[in-house]
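Thanks for sharing this one. I have put my remarks into numbered points so that you can go through them with the model open beside you.

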Amino acid sequence: MDPRTPPDDPQSWAARARELALALGFDRAGIAPAEPTAHSAFLREWVARGYAGTMDWIGRRLEERVDPRRVLASARSVVVTGFVYAPHDRPPLPPGAAEVSRYAGGEDYHDVLVGRLRALGDALEALAGRSLEQRAYVDTGPVLERALAARAGVGWIGKNSCVIDRELGSWLFLGVLLSELPMEPDAPVADHCGTCRACLDACPTDAFPEPYVLDATRCISYTTIELRGDIPGALREAHGSRVFGCDVCQEVCPWNGRRARERPADPLGLRERIAARPEWRAPTLAWLLSLSEDDWRAATRRTALRRAKHRGLLRNALVAAGNSGDPALLPHVRRHAEGNDALLADHARWALTRLEAGPPAGGPG
Ligand code: SF4
């Protein structure tokens, strides 16, 4: 068939959309119908239980989130893409370094991948020979990416609440393109968590009240990135050296370990762009604690790290300093304890108390 001939049935449209998505650099693509998923009731209850914490924007646009047609009335299909962003193995952190989640230290994935999704929309328009109503989102729109990914057969939602693909694992960025085109949906895949509970047991802050349910208010990804106020005292020690996000529940997942296939080829160099810049692979706490707002702005330019704000990153670094057992950080911490910012001063005093007490049993860290 001539690749320029517009498909004339939903199955062919779905096949062409998947092909185009892979050609544009995505590692997975599946099709979901543009309608509420089985996850909608789960989300309503999750918000009602208070697990969204201060992310009240989730609850505010709940009705839109559960039904893609509330976002785009003409939507009939959702192309869901998966893109592998990180290798499973990474070198251990050197002493004195802080940990940054694997997705965050390079070019902002929203910008890189939403451009790819728009290119997918353009390619579908070219194929249709007319303009189409479409919307592209990568983690930024009022749509439930994970639920749609599960419905589209891109993976299953694991007990750690991440979407997992049997071959690629769960280090995946998800993207969605809502389209007015009719496409045959893919079948969901089975849940392969089985009796495993490694993520639930390894979570440093015990953030899973039950399998598949994440209490975001205890999750280090929430406390270090979304939360603007105090990090709860009871959770600070469990933060360890993490200053932006947490990867533990994915690191321990067997689907990311020996079972995960080699990372797919990346002819367009997208993974290179998203990969962490050298200064963010193992930033020292001393450097983080001395970052002025201008330094921070320069160092985080065009990265997803911006989301935590300058003050949030300093707050997180103070907690990590308090957990480090490293007396060399005392001058940095004292400076913040004596500063005018009450939030930072409080976290600095917490860190000082711990540092002045000497290294914890078993040594620093
Ligand atoms: Fe599922 Fe085990 Fe992976 Fe958790 S660690 S998501 S239980 S397979």
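1. Let me begin with a loop. Y212 lies in the loop between α7 (198-202) and α8 (220-226). Its phi is positive, about 75°, although Y212 is not a glycine. Most residues other than glycine have a negative phi, so this is a spot to look at on screen. Please keep in mind that the model is predicted. As for its surroundings, Y212 counts as partly exposed because its relative accessibility is 29%, and the partly exposed class runs between 20% and 50%.

2. Where else does a residue that is not a glycine have a positive phi of about 75°? The residue is S161, and you will find S161 in the loop between β5 (156-157) and β6 (163-164). Is S161 buried or exposed? With 13% relative accessibility, S161 counts as buried, since the cut-off for that class is under 20%.

3. Now to the ligand. The residues around the ligand are K159, N160, I164, C193, C196, A198, C199, C253, P254 and W255. Sorted by class, this shell holds 8 nonpolar residues, 1 polar residue and 1 charged residue. The ligand itself sits in the largest cavity.

4. Why does the ligand lie between domain 1 and domain 2? Both domains give residues to the shell around the ligand, and therefore it lies between them. Domain 1 is made of two stretches, 10-85 and 107-179, while domain 2 covers 198-356.

5. On the chain as a whole, the secondary structure comes to 17 helices and 8 strands. The C-alpha trace spans about 70 × 40 × 40 Å along its principal axes. For 365 residues, a compact globule would have a radius of gyration near 21 Å, and the 22 Å of the protein chain agrees with that. Of the 365 residues, 52% are buried.

6. A last stop is the start of the chain. P6 lies in the segment before α1 (10-23). At 40% relative accessibility, P6 counts as partly exposed. If you would like a distance to try in your viewer, take P6 and G312: their C-alpha atoms are separated by 50 Å, and the two residues are 306 residues apart along the chain.

Methods
Residues are numbered from 1 along each chain as its sequence is written. This is a predicted model: local features need pLDDT of at least 70, side-chain atom pairs count only at pLDDT 80 or more; totals for chains, interfaces and linings use all residues. Side-chain values use heavy atoms; hydrogens and water are left out. A residue is near a molecule or strand if one of its heavy atoms lies within 4 Å of it. On a 1 Å grid over the protein atoms alone, a cavity is a set of points where a 1.4 Å probe fits but cannot get out, and a pocket is an open set with protein on both sides within 12 Å along at least five of seven lines; lining residues have an atom within 4 Å of a point. A molecule sits in a cavity or pocket if more than half of its atoms lie within 2 Å of its grid points. Ala, Val, Leu, Ile, Met, Phe, Trp, Tyr, Cys and Pro count as nonpolar, Asp, Glu, Lys and Arg as charged, and the others, Gly among them, as polar. Domain bounds come from an automatic or database domain assignment. Helices (H or I, at least four residues) and strands (E, at least two) are DSSP runs, numbered from the N terminus. The radius of gyration is taken over C-alpha atoms; the globule rule is 2.2 Å times the number of residues to the power 0.38. Buried means under 20% relative accessible area, exposed over 50%, partly exposed in between (1.4 Å probe, protein chains only).
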